[in-house]
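Good morning, and thank you for joining this session. I shall take the sheet, the helices, a few loop residues and one pocket in turn.

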Amino acid sequence: MANIYDGAFRTILNDCRKLVIPVINEIFGESYTGDEEIRFFPNEHFLDRQDGADRERITDTNFTVYGKTPKQYHLECESSYPDGRITIRLYEYDAQIALDEGEVAEETLTVTFPNTAVLYLRTYKKTPDKMKYVIVTPGGTMQYDIPIMKVQRYSLDDIFEKRLLMLIPFYIFSHENSFPEYNSSGRKLEKLKAEYQVILERLDELEQQGVIGAFDKWTIIELSSVVVKEIAQKYENVQKGIGGMMSGALIETSARTILNQGISQGISQGINQGISQSQRETVLRMLEDGDLPFDKIAKYSGLKVEDVEQLAEIQAI
């Protein structure tokens with residue numbers, strides 16, 4: 001299960017890189033504008049062992065933001081109960097990252113540890129506000145804090161006002177304890193659906209304002225659907241209500257983007273007929289989903305119903 005959430009976290013960071021900047025500003029008190037270059041580094045690191053058996057460990061994210069001074073960051077996403085093991089894992093990652101980037105000059109090794117933080121998707125009574133490294137060396141003891149972002153503590157208003165849009169796929173965690181109620185009460189489920197309708201509307205507004213692109217919005221919606229499907233496995237009504245809602249929005253967003261692209265291409269080329277490759281791929285995705293009738297698919301894709309029927313026949317072969 002955790003792999004699904006880790007995967008969603010890595011996907012939104014790698015595919016929508018600029019969305020991480022407001023999160024970095026929030027966690028570390030930075031003042032990045034969003035125009036900075038972000039360079040990601042390989043997530044796979046081999047941890048050196050004395051027995052010679054290197055062990056591969058994968059970090060969630062390892063990247064550098066090139067502001068006035070380049071700074072390296074390491075973020076981890078965690079959904080399990082805090083038991084101390086993640087602190088050990090974090091230190092292993094950080095030490096290996098520092099060693100990989102280390103420099104040796106005149107028998108002097110210089111290593112720089114990254115700015116590290118953890119995003120906790122679930123908050124328990126035992127979840128601390130920060131972690132801490134205490135490193136005892138022959139030359140003295142040094143220590144520093146590892147900040148923790150508790151995702152469940154951010155309201156929708158917080159998320160949108162602070163532009164913490166990469167948290168949206170995980171917003172459902174703030175409702176996890178109420179799943180039994182939502183699943184048995186249509187009225188309460190409708191309230192939850194209303195919240196997600198607000199999310200979709202506000203994402204639309206941000207797209208129209210040019211704050212995010214169509215791809216960013218599409219990715220946020222897609223990952224929200226994936227996370228809901230995973231976290232609400234035991235609650236069919238929640239899955240269908242919220243998951244279905246986001247899937248529908250996903251199809252419509254993809255179709256509207258393709259339609260707008262098709263209209264622009266038609267105007268520039270002086271044509272308004274034929275099926276583009278992008279339209280074909282979108283229709284096939286809708287057909288695979290199986291939730292929409294042909295007339296709806298035709299409407300969303302800008303094609304004729306008979307074109308959709310032909311593509312359906314091709315898909316069935």
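Before anything else, a convention: helices and strands are here DSSP runs, numbered from the N terminus, a strand having at least two residues. Please also bear in mind that this is a predicted model.

With that convention, let me begin with a loop. Glu106 lies between strand E6 (103–105) and strand E7 (108–110). Its backbone deserves a remark: phi of Glu106 is positive, about 55°, although the residue is not a glycine. Glu107 is found in that loop between E6 and E7 as well, and Glu107 too has a positive phi, near 65°, without being a glycine. As background, most residues other than glycine have a negative phi. Are these side chains buried or exposed? With a relative accessible area of 80%, Glu106 is exposed, and Glu107, at 78% relative accessibility, also counts as exposed.

Let me turn to the sheet. Six strands form an open sheet with mixed pairing, in the order E1-E4-E5-E8-E10-E9. Strand E1 (37–40) and strand E9 (130–137) stand at the edges; each has a single partner strand, so one side of each is left without a neighbour in the sheet. On average, and with direction ignored, neighbouring strands are turned by 25° against each other. At the E9 edge, strand E10 (residues 140–150) runs antiparallel to E9, and 8 bridges join the two. One residue pair to look at is Val134 with its bridge partner in E10, Gln143.

Strand E5 (70–78) leads us to another loop, the one between E5 and H3, where Tyr81 is found. Tyr81 is partly exposed, with a relative accessible area of 45%, because that class runs from 20% to 50%. Tyr81 and Lys126 are 45 residues apart in sequence, yet their C-alpha atoms are 8.2 Å apart in space.

Now the helices. Helix H2 (residues 20–28) has Val20, Ile21, Val23, Ile24, Asn25 and Ile27 buried. After H2 comes Gly29, with a positive phi near 70°.

Does the span of helix H3 (residues 85–100) agree with or depart from what its length predicts? At 1.5 Å a residue, its 16 residues should span 22 Å, and the end C-alpha atoms are 23 Å apart, which agrees. The buried residues of H3 include Ile86, Leu90, Tyr93 and Ile97, and Asp94 and Gln96 also belong to that buried set. In general, an α-helix has 3.6 residues a turn, so residues three or four places apart point the same way.

H7 has 18 residues and reaches 26 Å from its first C-alpha to its last, close to the 26 Å expected. Its buried residues include Ile220, Ile221, Leu223, Val227 and Val228, and also the charged residues Asp216, Lys217 and Glu230.

Finally, the second largest pocket, which holds about 290 Å³ of space. Which elements give two or more residues to the lining of this pocket? They are helix H7 (214–231) and helix H8 (236–269). H8 gives the most, with 7 residues. The lining has 11 residues in total, and nearest the centre of the pocket lie Ser225, Val226, Lys229, Gly243 and Ser247. By character, the lining divides into 2 nonpolar, 5 polar and 4 charged residues. One link back to the helix: Ser225, among the residues nearest the pocket centre, is also one of the buried residues of H7.

Definitions and conventions:
Residues numbered from 1 in each chain as written. Heavy atoms only, no water. 1 Å grid on protein atoms, 1.4 Å probe; cavity = no way out; pocket = protein on both sides within 12 Å on 5 of 7 lines; lining within 4 Å. Points joined across faces, edges and corners; volume = space filled by probe spheres on them. Helix = DSSP H or I, 4+ residues; strand = E, 2+ residues; numbered from the N terminus. Expected span 1.5 Å × (residues − 1). Buried < 20%, exposed > 50% of the residue type's maximum accessible area, 1.4 Å probe, protein only. Pairing = 2+ DSSP bridges. Axes fitted to C-alpha atoms, helices over the stretch in contact; angles between N-to-C directions.
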